[in-house]
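Student: Pick one part of this model for a close look. Then work outward from there.

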Amino acid sequence: MNVMASTLPKSARVLFDEAHGEAWTIRRERAAAMQPAHPADSSLALAAEALADRDFAVAAHTDGPLTPDVLAGVDALVIAHPSEPEWEATVGGSPRFAGEELDAIQSFVAAGGGLVVLVETEEDKYGTNIGDLLARFGIAVESTTVQDYEHHVGAPSWVSAELVPDPHGMPDVLAGVSAATFYRAGALASSNGARVLARTHSSASVPGAALAMTTTHGEGRVAVLADSDLFGDDCIAEFDHRPLWLNLAYWVAGRAFRAADERAPSAAAASAEWADLKEAVEELRATQEADGSIDLDVHDRAQATRRVERIGAALGGLAAHFPHQAAYVDALGADLAAWTASGFAKPDFTASLEAFRPERHREDGIEHLVVFPMYKQNASRDTCFEALIVRTPWPGWVAELERERYDNEKFVPVTLVDYTSGYDSECAVLFPETVATAERPPNNFGGIFCDREAERFRRVCGRAAEIVELNLPPDAAALLSSPELSRDAYVLWDLVHDRTHSHGDLPFDPFMIRQRSPYWMYSLEELRCDLTAFGEAVRLERDDGFAFARHVQYAILFDRLFRFPVTGSRVRNYDGLGGQVLFAFLHREGYLHWTDNRLRVDWSRVADGVAALRERVQDLYHAGIDRSKLAQWIAAHDLVAAYVSPAEGSVWRADRRDLPEVDEPKQLVDLVRDDEFPLSVFYLQLQQKLEPVLARPRR
C-alpha cells in the first residue's frame with residue numbers, strides 16, 4: 001500500500017467474508033497455509049491492496065456468522081467462492097449460510113449496502129447455498145463449464161468475454177475496460193432484468209451465457225461474476241481485470257460516497273463574540289462608500305465609532321480562539337483605531353494585512369479569523385468590510401507533497417466556516433490584493449476556498465455528466481458525490497496549479513497582473529497551469545502509485561470541459577476559452593466523441609490527449625522567449641484558432657488579420673472582441689440546459 005495513501009481518509013469500508021469456507025483470502029499468511037506451493041492461487045491480497053490504495057478501508061470477517069451488527073458500518077461485502085474442503089483449499093468454516101445470515105445480507109443490501117459475489121464453474125458441487133442468497137436478488141447460477149474454441153486464451157475453458165456496454169448506464173461499470181477473461185467459468189441467469197456486463201460469444205458451448213451481472217435491490221447494489229479467478233493474485237493484472245474490479249467496488253459501494261457535507265463544529269463561530277462582530281460588520285458595511293470610506297455628512301460619526309468599538313470588543317473576546325493570530329488581532333485593532341481617527345476616510349489596512357499570515361500555520365483543521373475592508377466579490381472594485389472564519393485542510397499527505405515535491409510557501413487551502421454577506425457569492429479566493437491598502441499590498445499568501453470550488457464542481461459537472469450521458473467511471477461518480485473527496489482533489493489541484501505560475505518557460509509575467517494583454521494570453525496561462533497539474537497527477541498515479549491523484553485528473557478534466565466554458569459572462573472570458581480549447585482539441589484528435597447526443601471519453605487514452613495539448617502550449621511558451629510581444633500574441637491566437645473558431649468579425653483572424661501599426665502592442669488590445677472566440681453549438685446547448693445549476697444557491 002502506498003505510504004501517502006495510508007494517510008488519506010477512507011470513504012468506504014469493504015468487508016471480505018472469510019468465515020464460510022471461502023477458497024480465497026485477503027490475508028497472505030492464510031493463503032500460504034491454504035496453498036503452500038502457490039499461495040497466489042488462493043489470494044485476493046492484490047485485490048484488497050488495490051482498494052486500500054484508493055478510497056476504501058478493507059477488512060476480513062474471519063469468524064462467526066454475518067449478523068446485522070457485523071455488517072453495521074460496512075459499505076460493501078465480498079463473498080468469494082465458498083466451498084466444501086473436498087473441492088478447494090478453504091479458509092475453514094461451513095460454506096452454507098444460515099437463514100438468519102441470508103436475511104441479514106438481504107437487509108444490508110436493501111438498506112443501501114453493496115454485495116460482490118464470486119461463484120465458480122460447476123457451482124452445484126461445492127456444497128454451498130450461495131444460490132439461495134443470489135435468488136433473493138433475482139440471479140441464478142447455472143452449474144456448467146463454458147468453453148469457446150474461437151474466443152479463448154490458453155485453453156478453451158479460459159473464455160474471452162464479450163463485454164456488453166450500456167450506452168445509458170451512469171456510472172458506467174465498463175468504463176476503461178476493453179478485455180476480460182473468465183477462467184473455467186459457470187454461467188448466470190436473471191429473473192429480474194439484471195444488467196449483463198459480460199457474456200460468452202456465439203461460438204461458446206453455451207452461447208450468449210452471462211458471465212457477469214449487476215442488479216439493484218432496494219437502495220443497494222449487487223454484482224455477481226461466474227468466475228472467482230479473474231481477481232486473484234495470479235490474474236488481476238491481466239487484461240482489464242484490475243479496472244473492472246475497482247469499477248465494481250466503487251459501484252456497489254456508491255452509497256458511501258453520497259454523504260452530506262458535514263463540517264466539524266467551530267467554538268469560535270458558535271460564540272456570542274462572533275455573532276456580535278458579524279452584526280457590527282454588516283451594519284458598518286451598509287454605510288460605506290465605494291472606496292470604503294464613510295460619508296459623515298450622511299452617516300452619524302458617533303454611531304460609526306460605536307460599531308467599530310463593537311468590532312474591537314468582539315475581537316478581544318475572540319482572541320482566545322485564535323492564539324496563533326495574536327499579532328494580527330493587535331494590528332487589526334490598531335488599524336481600526338487609525339481608521340476611526342482619520343474620520344473614516346478611505347481605509348488603509350496594510351499593517352494588519354502584513355500581520356495576517358495564514359500560510360505560516362498550515363495545520364490540519366486550524367482556524368483563522370479574517371476581518372478586512374475588501375473589494376466586493378465578482379469583479380466589483382467597491383470596498384467594504386468583511387468578516388470570515390476559515391479553516392485550513394492540511395492533511396499529512398498534502399504536507400508531504402508540498403514539502404517534498406511541490407514547494408509553495410504562500411499557498412494555503414481554506415474552507416469557509418462562517419462569513420458576512422459579501423462572501424455569499426461565487427468567490428473562491430482569499431487574496432491580499434483584495435484588501436484595502438494605501439500602496440501595493442504585501443503578497444504573503446494565496447488562499448483558495450477548496451470547499452466552494454468542490455461544491456460547484458459537484459453541482460455543475462455532475463449535472464453536465466447526466467445531460468451528455470457521459471460514460472462516467474464509477475470512481476469519477478464517487479468524486480462527483482463526495483464532498484470530502486472533491487475537496488481534497490481541489491487542494492492538490494490548486495497546490496500544483498498555483499505553483500506552476502512561476503515555473504517553466506515564462507516569456508511574460510505569468511500572472512499578467514500589471515500588463516495589458518489579449519485575454520487569450522490569460523487563458524493559455526491558466527490552461528498551461530491546469531494541463532501541468534493534470535500531468536503531475538498522472539505522474540503521481542502512474543509512477544508513484546498515489547492513486548488518489550486520479551481524482552485530480554477527473555476534477556481538472558470535468559471542470560475545464562463542462563463548467564468553465566458555460567460559466568460567467570462572454571466578455572473576454574479567459575477561463576471559459578481554456579475549456580473550449582481543451583474540449584475542441586480532445587474532440588478533434590479523437591480522444592472524446594460526441595455521437596448520438598452522448599459524450600464518450602476514451603478513458604484509456606485521454607491522459608495522452610491532455611499531454612499532447614500541453615506539449616503544444618509549452619512549445620508556444622518556449623518559442624515565445626525569442627519573439628516580440630505582438631508576435632507571441634499572434635502565435636497564441638493562431639494556436640487557439642486552430643481548434644476554436646474566432647469571431648467572424650475578428651481582425652486577429654489569420655485569414656483576414658488587419659492590425660494597424662502602433663507604438664505599443666497593448667494599444668491593440670482594444671481591437672479584441674469581447675467574445676473573440678464564441679461558444680460552439682455544443683456549448684450553447686449545454687449552457688442552456690445547465691442554467692438552473694450554474695448559480696450557487698444562496699445561504
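Tutor: Start with one pair of residues: Val370 stands opposite Leu388 in β15. Keep in mind that this is a predicted model. The strands involved here are β14 and β15, which pair in the antiparallel sense over 9 bridges. They belong to an open sheet of 5 strands. Its order is β14-β15-β16-β18-β17, and the pairing is mixed. Which strands form the edges? They are β14 and β17, residues 429-430, and each pairs on one side only.

Now add the helices. α10 packs on the sheet and touches β14 and β15. Its direction makes about 25 degrees with that of β14. Helix α13, residues 450-467, packs on the sheet as well. Its contacts there are with β16 (411-419) and β18 (446-449). The angle between the directions of α13 and β16 is about 80 degrees.

α10 deserves the close look. It covers residues 326-341, so count 16 residues. From first C-alpha to last, α10 reaches 23 Å, close to the 22 Å expected at 1.5 Å a residue. Which of its residues are buried? They are Tyr328, Val329, Ala331, Leu332, Asp335, Leu336, Trp339 and Thr340. Their cover includes three helices: α8 (272-285), α9 (301-318) and α11 (350-355). It also includes strands β14 (367-375) and β15 (383-391). After the helix comes Gly343, with a positive phi near 80 degrees.

Two of the buried residues of α10, Tyr328 and Trp339, bring us to the aromatics. Tyr328 forms one aromatic cluster with Phe356, Phe372 and Phe445. Across the whole structure, a search finds 32 aromatic pairs. Take Phe56 and Phe257 among them: the ring centres are 6.1 Å apart and the planes lie at 85 degrees, so this pair is edge-to-face. Phe56 is in strand β2 (residues 56-61), while Phe257 is in the loop between α7 (241-252) and α8. The pair links distant parts of the chain, 201 residues apart. Phe56 and Phe257 are both buried. Trp339 and Phe344 also make an edge-to-face pair, because their planes stand at 85 degrees, with ring centres 5.0 Å apart. Both of these residues are buried too.

A charge joins the picture near the second helix on the sheet. Arg452 lies over the face of Tyr419, 5.5 Å from the ring centre. Arg452 falls within α13, and Tyr419 within β16.

Next, move to another set of strands. β13, residues 220-225, has 5 of its 6 residues buried, so the rest of the structure largely encloses it. Strand β4 (residues 114-118) runs parallel to β13 and is joined to it by 5 bridges. In that pairing, Leu115 has Val222 as its bridge partner. Strand β12 (residues 210-217) pairs with β13 in the antiparallel sense, over 6 bridges. There, His217 stands opposite Gly220. β12 and β13 form a hairpin with 2 residues between them. In the turn, Gly218 has a positive phi of about 60 degrees.

A second hairpin comes from β19 and β20, again with 2 residues between the strands. Its turn holds Asp596, whose positive phi is about 55 degrees. β19 (residues 592-595) and β20 (residues 598-601) run antiparallel, joined by 4 bridges. His593 stands opposite Arg600 in β20.

Finish with two more helices. α15, residues 483-500, has 18 residues. Its reach from first C-alpha to last is 26 Å, close to the 26 Å expected at 1.5 Å a residue. 15 of its 18 residues are buried, so α15 is largely enclosed by the rest of the structure. Leu540 sits in helix α16, residues 519-542. Is Leu540 buried or exposed? Leu540 is buried, because its relative accessible area is 1%, under the 20% cut-off. Leave aside its neighbours within four places in sequence, and Leu540 is in contact with Leu401, Arg405, Tyr406, Leu492, Gly545, Phe546 and Ala549. One of these, Leu492, lies within α15. The C-alpha atoms of Leu540 and Arg550 are separated by 8.6 Å, and the two residues are 10 residues apart along the chain.

Key
Residues are numbered from 1 along each chain as its sequence is written. This is a predicted model: local features need pLDDT of at least 70, side-chain atom pairs count only at pLDDT 80 or more; totals for chains, interfaces and linings use all residues. Side-chain values use heavy atoms; hydrogens and water are left out. The expected span of a helix is 1.5 Å times one less than its number of residues. Buried means under 20% relative accessible area, exposed over 50%, partly exposed in between (1.4 Å probe, protein chains only). Contact means heavy atoms within 4.5 Å. Two strands pair if DSSP finds at least two bridges between them. Rings of Phe, Tyr and Trp (its six-membered ring) pair if their centres lie within 6.5 Å; planes under 30 degrees apart count as stacked, over 60 as edge-to-face and the rest as tilted. A charge sits over a ring if NZ of Lys or CZ of Arg is within 6 Å of the ring centre and within 35 degrees of the ring normal. Axes are lines fitted to C-alpha atoms, for helices over the stretch in contact, and angles run from 0 to 180 degrees between N-to-C directions.
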